[in-house]
Amino acid sequence: MLLRTVFLPVTATSRRDLVERMLQLLVGLLLYGVALGLMVRGGIGVAPWDVLSLGITGRTGIGYGLITNLVAIAVLLLWIPLRQRLGLGTVLNALLVGPSADLTLWLLPPVPSVWVGAPLFVAGLVLLSFATGLYISADFGPGPRDGLMTGLVRVTGWKVWIVRTLIEGSVLLIGFLLGGPVGVGTVLFALGVGPLIGWFLPRIRRPREERSRRLAATTSR
(Lines give C-alpha, C1' and ligand atoms only; values in the text may rest on other atoms or scores of the structure.)
Protein backbone atom coordinates (compact mmCIF):
# COMPACT_ATOMS: atom_id res chain seq x y z
CA MET A 1 0.00 0.00 0.00
CA LEU A 2 2.86 2.37 0.87
CA LEU A 3 4.58 1.65 -2.45
CA ARG A 4 1.40 2.56 -4.31
CA THR A 5 1.29 5.96 -2.63
CA VAL A 6 4.97 6.67 -3.29
CA PHE A 7 5.51 5.17 -6.77
CA LEU A 8 3.59 5.64 -9.99
CA PRO A 9 2.30 2.35 -11.44
CA VAL A 10 4.20 0.86 -14.38
CA THR A 11 1.75 0.26 -17.21
CA ALA A 12 2.23 -1.30 -20.62
CA THR A 13 0.07 -2.66 -23.43
CA SER A 14 2.14 -5.86 -23.56
CA ARG A 15 5.40 -7.36 -22.33
CA ARG A 16 7.07 -6.38 -25.61
CA ASP A 17 5.85 -2.82 -25.17
CA LEU A 18 7.30 -2.70 -21.65
CA VAL A 19 10.71 -4.00 -22.82
CA GLU A 20 10.88 -1.60 -25.76
CA ARG A 21 9.94 1.41 -23.63
CA MET A 22 12.46 0.39 -20.95
CA LEU A 23 15.22 0.25 -23.57
CA GLN A 24 14.11 3.63 -24.90
CA LEU A 25 14.22 5.06 -21.37
CA LEU A 26 17.72 3.72 -20.71
CA VAL A 27 19.08 4.94 -24.06
CA GLY A 28 17.52 8.35 -23.49
CA LEU A 29 19.04 8.74 -20.01
CA LEU A 30 22.49 7.57 -21.10
CA LEU A 31 22.45 9.94 -24.08
CA TYR A 32 21.33 12.74 -21.77
CA GLY A 33 24.47 12.21 -19.70
CA VAL A 34 26.61 12.17 -22.86
CA ALA A 35 25.01 15.46 -23.90
CA LEU A 36 25.83 17.05 -20.54
CA GLY A 37 29.45 15.96 -20.93
CA LEU A 38 29.62 17.48 -24.42
CA MET A 39 28.26 20.81 -23.20
CA VAL A 40 30.66 20.91 -20.25
CA ARG A 41 33.60 20.19 -22.55
CA GLY A 42 32.35 22.95 -24.86
CA GLY A 43 33.65 25.42 -22.31
CA ILE A 44 31.29 28.29 -23.17
CA GLY A 45 28.88 27.95 -20.24
CA VAL A 46 26.30 25.35 -19.24
CA ALA A 47 22.66 24.99 -18.23
CA PRO A 48 21.59 26.48 -14.85
CA TRP A 49 21.49 23.13 -13.03
CA ASP A 50 24.96 22.32 -14.36
CA VAL A 51 26.24 25.73 -13.24
CA LEU A 52 25.15 24.61 -9.76
CA SER A 53 26.70 21.14 -10.09
CA LEU A 54 30.01 22.48 -11.42
CA GLY A 55 30.04 25.18 -8.75
CA ILE A 56 29.69 22.53 -6.04
CA THR A 57 32.32 20.38 -7.79
CA GLY A 58 34.76 23.30 -7.78
CA ARG A 59 34.18 23.90 -4.07
CA THR A 60 34.29 20.29 -2.91
CA GLY A 61 36.50 18.49 -5.42
CA ILE A 62 33.83 15.81 -5.85
CA GLY A 63 33.32 14.63 -9.44
CA TYR A 64 30.74 16.37 -11.62
CA GLY A 65 28.76 13.19 -12.32
CA LEU A 66 28.46 12.27 -8.64
CA ILE A 67 27.41 15.82 -7.77
CA THR A 68 24.80 15.64 -10.54
CA ASN A 69 23.41 12.48 -8.92
CA LEU A 70 23.49 14.00 -5.42
CA VAL A 71 21.71 17.15 -6.60
CA ALA A 72 19.03 14.98 -8.24
CA ILE A 73 18.56 13.04 -4.99
CA ALA A 74 18.35 16.30 -3.03
CA VAL A 75 15.67 17.51 -5.45
CA LEU A 76 13.75 14.26 -4.91
CA LEU A 77 13.73 14.97 -1.17
CA LEU A 78 11.90 18.22 -1.99
CA TRP A 79 9.19 16.08 -3.57
CA ILE A 80 8.19 14.73 -0.14
CA PRO A 81 6.30 17.79 1.14
CA LEU A 82 4.83 18.23 -2.34
CA ARG A 83 3.50 14.63 -2.25
CA GLN A 84 4.88 13.91 -5.70
CA ARG A 85 4.94 10.25 -6.73
CA LEU A 86 8.11 8.70 -8.12
CA GLY A 87 8.24 6.90 -11.43
CA LEU A 88 10.74 4.29 -12.52
CA GLY A 89 12.13 6.86 -14.93
CA THR A 90 12.50 9.36 -12.08
CA VAL A 91 14.70 7.01 -10.07
CA LEU A 92 16.80 5.89 -13.04
CA ASN A 93 17.24 9.50 -14.10
CA ALA A 94 18.73 10.31 -10.69
CA LEU A 95 21.09 7.31 -10.88
CA LEU A 96 22.24 7.03 -14.51
CA VAL A 97 22.73 10.52 -15.91
CA GLY A 98 25.69 11.39 -13.67
CA PRO A 99 27.84 8.32 -14.45
CA SER A 100 27.13 8.72 -18.16
CA ALA A 101 28.27 12.36 -18.01
CA ASP A 102 31.41 11.41 -16.08
CA LEU A 103 32.29 8.69 -18.60
CA THR A 104 31.91 11.21 -21.44
CA LEU A 105 34.17 13.70 -19.67
CA TRP A 106 36.74 10.95 -19.10
CA LEU A 107 36.73 9.93 -22.77
CA LEU A 108 36.63 13.44 -24.20
CA PRO A 109 39.61 15.71 -23.46
CA PRO A 110 39.25 19.49 -23.00
CA VAL A 111 38.95 21.32 -26.31
CA PRO A 112 41.78 23.56 -27.54
CA SER A 113 39.67 26.59 -28.50
CA VAL A 114 36.21 28.12 -28.58
CA TRP A 115 36.02 27.27 -32.29
CA VAL A 116 35.90 23.63 -31.31
CA GLY A 117 34.03 24.18 -28.04
CA ALA A 118 31.08 26.12 -29.46
CA PRO A 119 30.05 23.46 -32.04
CA LEU A 120 30.58 20.82 -29.36
CA PHE A 121 28.20 22.67 -27.05
CA VAL A 122 25.59 23.00 -29.80
CA ALA A 123 25.89 19.27 -30.57
CA GLY A 124 25.38 18.56 -26.86
CA LEU A 125 22.33 20.80 -26.73
CA VAL A 126 20.72 19.09 -29.72
CA LEU A 127 21.55 15.64 -28.33
CA LEU A 128 20.15 16.58 -24.91
CA SER A 129 16.88 17.69 -26.52
CA PHE A 130 16.64 14.44 -28.49
CA ALA A 131 17.46 12.39 -25.37
CA THR A 132 14.81 14.29 -23.40
CA GLY A 133 12.24 13.36 -26.05
CA LEU A 134 13.30 9.71 -25.77
CA TYR A 135 12.99 9.36 -22.01
CA ILE A 136 9.84 11.48 -21.67
CA SER A 137 7.98 9.58 -24.41
CA ALA A 138 8.95 6.28 -22.76
CA ASP A 139 6.38 7.37 -20.13
CA PHE A 140 7.94 6.15 -16.89
CA GLY A 141 7.53 9.34 -14.90
CA PRO A 142 9.16 12.80 -14.93
CA GLY A 143 12.76 13.60 -14.13
CA PRO A 144 13.55 14.97 -10.65
CA ARG A 145 13.69 18.62 -11.75
CA ASP A 146 10.57 18.45 -13.91
CA GLY A 147 8.67 16.79 -11.07
CA LEU A 148 9.72 19.56 -8.69
CA MET A 149 8.32 22.10 -11.14
CA THR A 150 4.99 20.32 -11.66
CA GLY A 151 4.63 19.72 -7.92
CA LEU A 152 5.16 23.39 -7.12
CA VAL A 153 2.71 24.40 -9.85
CA ARG A 154 0.09 22.09 -8.34
CA VAL A 155 0.65 23.26 -4.76
CA THR A 156 1.00 27.00 -5.42
CA GLY A 157 -1.40 27.38 -8.31
CA TRP A 158 1.16 29.58 -10.08
CA LYS A 159 1.72 29.46 -13.82
CA VAL A 160 4.31 27.00 -15.13
CA TRP A 161 6.55 29.70 -16.57
CA ILE A 162 6.68 31.57 -13.26
CA VAL A 163 7.65 28.46 -11.28
CA ARG A 164 10.17 27.34 -13.92
CA THR A 165 11.75 30.80 -14.03
CA LEU A 166 12.03 30.99 -10.24
CA ILE A 167 13.60 27.53 -9.99
CA GLU A 168 16.07 28.03 -12.84
CA GLY A 169 16.92 31.57 -11.73
CA SER A 170 17.55 30.49 -8.13
CA VAL A 171 19.70 27.54 -9.20
CA LEU A 172 21.68 29.72 -11.61
CA LEU A 173 22.32 32.38 -8.96
CA ILE A 174 23.49 29.85 -6.36
CA GLY A 175 25.69 28.09 -8.90
CA PHE A 176 27.21 31.39 -10.05
CA LEU A 177 27.98 32.42 -6.46
CA LEU A 178 29.70 29.05 -5.98
CA GLY A 179 31.86 29.72 -9.02
CA GLY A 180 29.99 27.71 -11.64
CA PRO A 181 30.64 28.60 -15.31
CA VAL A 182 28.10 31.05 -16.71
CA GLY A 183 28.61 32.10 -20.32
CA VAL A 184 27.08 32.40 -23.74
CA GLY A 185 26.26 28.68 -23.60
CA THR A 186 23.98 29.35 -20.64
CA VAL A 187 22.02 31.83 -22.76
CA LEU A 188 21.98 29.47 -25.74
CA PHE A 189 20.61 26.71 -23.52
CA ALA A 190 17.90 28.95 -22.08
CA LEU A 191 16.78 30.07 -25.54
CA GLY A 192 17.25 26.82 -27.42
CA VAL A 193 16.30 23.89 -25.22
CA GLY A 194 12.55 24.57 -25.18
CA PRO A 195 12.08 24.87 -28.96
CA LEU A 196 14.37 21.90 -29.60
CA ILE A 197 12.53 19.63 -27.18
CA GLY A 198 9.27 20.92 -28.64
CA TRP A 199 10.47 19.78 -32.07
CA PHE A 200 11.82 16.38 -31.04
CA LEU A 201 9.19 15.28 -28.51
CA PRO A 202 6.12 14.92 -30.79
CA ARG A 203 8.24 13.27 -33.48
CA ILE A 204 9.34 10.63 -30.99
CA ARG A 205 6.12 10.35 -28.98
CA ARG A 206 3.73 9.76 -31.89
CA PRO A 207 5.62 6.74 -33.31
CA ARG A 208 6.06 5.36 -29.78
CA GLU A 209 2.34 5.61 -29.03
CA GLU A 210 1.47 4.08 -32.39
CA ARG A 211 3.91 1.24 -31.75
CA SER A 212 2.34 0.58 -28.33
CA ARG A 213 -1.13 0.46 -29.90
CA ARG A 214 0.04 -2.02 -32.55
CA LEU A 215 1.62 -4.24 -29.89
CA ALA A 216 -1.61 -4.12 -27.88
CA ALA A 217 -3.65 -5.12 -30.92
CA THR A 218 -1.25 -7.98 -31.69
CA THR A 219 -1.38 -9.26 -28.11
CA SER A 220 -5.19 -9.19 -27.96
CA ARG A 221 -5.59 -11.44 -31.02
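In the predicted model described here, Asp146, Leu148, Met149, Leu152, Val153 and Thr156 of helix H7 meet Val160, Val163, Arg164 and Ile167 of helix H8. When the residues of this contact are sorted by class, seven are nonpolar, one is polar and two are charged. Helix H7 comprises residues 144–156, and helix H8 comprises residues 160–177. The two pack with their axes 9 Å apart and at an angle of about 130 degrees, and the pair is therefore classed as oblique, since an angle between 115 and 145 degrees falls outside the ranges for roughly perpendicular and roughly antiparallel helices. The crossing of H7 and H8 is right-handed.

Val153, one of the H7 residues in this contact, can be followed further. With residues up to four places away in sequence left out of the count, Val153 touches Trp158, Lys159, Val160 and Val163, and of these, Val160 and Val163 are among the H8 residues that meet H7. As a reference for position within the fold, the C-alpha atoms of Val153 and Gly33 are 27 Å apart in space, while the two residues are separated by 120 positions in the sequence.

A second helix pair is formed by H4 (residues 64–82) and H5 (residues 88–107), whose axes lie 7 Å apart and whose packing angle is about 165 degrees. Because angles over 145 degrees count as roughly antiparallel, H4 and H5 are assigned to that class, and their crossing is right-handed. On the H4 side, the contact is made by Tyr64, Gly65, Leu66, Thr68, Asn69, Ala72, Leu76 and Trp79, and on the H5 side by Thr90, Ala94, Leu95, Val97, Gly98, Pro99, Ala101, Asp102 and Leu105. By class, this contact has eleven nonpolar, five polar and one charged residues.

Val91 also lies in helix H5, and with a relative accessibility of 27% this residue counts as partly exposed. Apart from residues up to four places away in sequence, the contacts of Val91 are with Phe7 and Leu86. The C-alpha atoms of Val91 and Ala216 are separated by 27 Å, the two residues being 125 positions apart along the chain.

A third pair consists of helix H2 (residues 15–42) and helix H6, whose axes come within 7 Å and cross at roughly 160 degrees. This angle makes H2 roughly antiparallel to H6, and the crossing of H2 and H6 is left-handed. The residues of the contact of H2 with H6 divide into 20 nonpolar, seven polar and one charged.

Aromatic residues were examined next. The structure holds three aromatic pairs, one of which joins Phe130 and Phe200 in an edge-to-face arrangement, with 5.6 Å between the ring centres and 70 degrees between the planes. This pair links distant parts of the chain, since Phe130 belongs to helix H6 (residues 114–137) and Phe200 to helix H9 (residues 184–220), 70 residues apart. Phe130, at 30% relative accessibility, counts as partly exposed, whereas Phe200, with a relative accessible area of 15%, is buried. Another pair is formed by Trp199 and Phe200, whose ring centres are 5.2 Å apart and whose planes stand at 85 degrees, so that this pair is likewise edge-to-face. Trp199 has a relative accessible area of 46% and is partly exposed. Through such ring pairs, Phe130, Trp199 and Phe200 are linked into a cluster.

Backbone geometry is noted at two loop positions. Arg83, which is not a glycine, has a positive phi of about 55 degrees; this residue is placed in the loop between H4 and H5, and at 72% relative accessibility Arg83 counts as exposed. Asp139, also a residue other than glycine, has a positive phi, near 65 degrees. Asp139 is situated in the loop between H6 and H7, and its relative accessibility of 54% places Asp139 in the exposed class.

How values were computed
Residues are numbered from 1 along each chain as its sequence is written. This is a predicted model: local features need pLDDT of at least 70, side-chain atom pairs count only at pLDDT 80 or more; totals for chains, interfaces and linings use all residues. Side-chain values use heavy atoms; hydrogens and water are left out. Helices (H or I, at least four residues) and strands (E, at least two) are DSSP runs, numbered from the N terminus. Contact means heavy atoms within 4.5 Å. Axes are lines fitted to C-alpha atoms, for helices over the stretch in contact, and angles run from 0 to 180 degrees between N-to-C directions. Angles under 35 degrees count as roughly parallel, over 145 as roughly antiparallel, 65 to 115 as roughly perpendicular and the rest as oblique. A crossing is left-handed if the near helix is turned anticlockwise from the far one by less than a right angle, and right-handed if clockwise. Ala, Val, Leu, Ile, Met, Phe, Trp, Tyr, Cys and Pro count as nonpolar, Asp, Glu, Lys and Arg as charged, and the others, Gly among them, as polar. Rings of Phe, Tyr and Trp (its six-membered ring) pair if their centres lie within 6.5 Å; planes under 30 degrees apart count as stacked, over 60 as edge-to-face and the rest as tilted. Buried means under 20% relative accessible area, exposed over 50%, partly exposed in between (1.4 Å probe, protein chains only).
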